[in-house]
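Student: Could you take one helix of this model and the loop leading into that helix, and describe in detail how they sit in the rest of the chain?

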Amino acid sequence: MTRPISVLGIGGSPREGSTTERALRISIEAAEHRGAEVELITSSELDLPLYDPRTSLRAPRARRLVQLIAAADGIIVATPAYHGTVSGLMKNVLDYVEDLRDDGRPYFTGRAVGCLAVGQGWQGAVSALASLRTSTHALRGWPTPLGVAVNTETGVFRGEGQCGDPGVAGQLRTLGGQVVEFAEMSRAWEASRLVGPATAV
């Protein structure tokens, strides 16, 4: 029996239930609805020691992060926009991917990465999304065709409720679906490559 596609969601801020986390949850739930097994790393789990490439000693949270990335077929990364770019917290999280440099699938190799950024205003959200997609490329990942920028000034998230903008919610769900679709196509391609071309009779 083929194991389900695994999708890892990473992102948010140290504050539980942040708008970034809520946006991420919509995308990860869409991936789960498509049949994926999902994991989520957010809020306090993102609070890792500053990445130090000079040592292999890692905190338990950091080891879990790297292990889940290594095992994932697809990843969704969500960042709040801080001063027009990825937050320092999320940049540190991405730096830990360096620990996969010698892995069989180094960094984000072979994985679809859905990118989303949440900011108070379009300029910060859009520029943070562009930075996140650039980092994904640098880590050898495949950014999904759709990247989502969420502007909280539009009142898309009110209080502790769900997303109040059907258009944004639809984009977030599409993002999660694209990660699963790519992972399924990648798995099918790998399977066909291992089997090899059919032999003519």
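Tutor: What follows begins with the whole chain and then turns to the helix and its loop. This is a predicted model, in which local features need pLDDT of at least 70 and side-chain atom pairs count only at pLDDT 80 or more, while totals for chains, interfaces and linings use all residues. Residues are numbered from 1 along each chain as its sequence is written, and side-chain values use heavy atoms, with hydrogens and water left out.

The protein chain has 5 helices and 7 strands, taken as DSSP runs numbered from the N terminus (helices H or I, at least four residues; strands E, at least two), and along the sequence they follow the pattern β-α-β-α-β-β-α-β-α-β-β-α. Of its 201 residues, 47% count as buried, where buried means under 20% relative accessible area, with a 1.4 Å probe and protein chains only.

In helix α3, residues 88-95, the buried residues are Met-90, Asn-92, Val-93 and Leu-94. These buried residues pack against two helices and three strands, namely α2 (60-71) and α4 (122-138), together with β1 (6-11), β3 (74-82) and β4 (85-86).

The loop between β4 and α3 holds Ser-87, which counts as buried because its relative accessibility is 1%. Leaving aside residues up to four places away in sequence, Ser-87 touches Thr-79, Pro-80 and Tyr-82, a contact being heavy atoms within 4.5 Å. Across the protein chain, 75% of the contacts between residues at least 6 apart in sequence join residues at least 24 apart.

Methods: Buried < 20%, exposed > 50% of the residue type's maximum accessible area, 1.4 Å probe, protein only.
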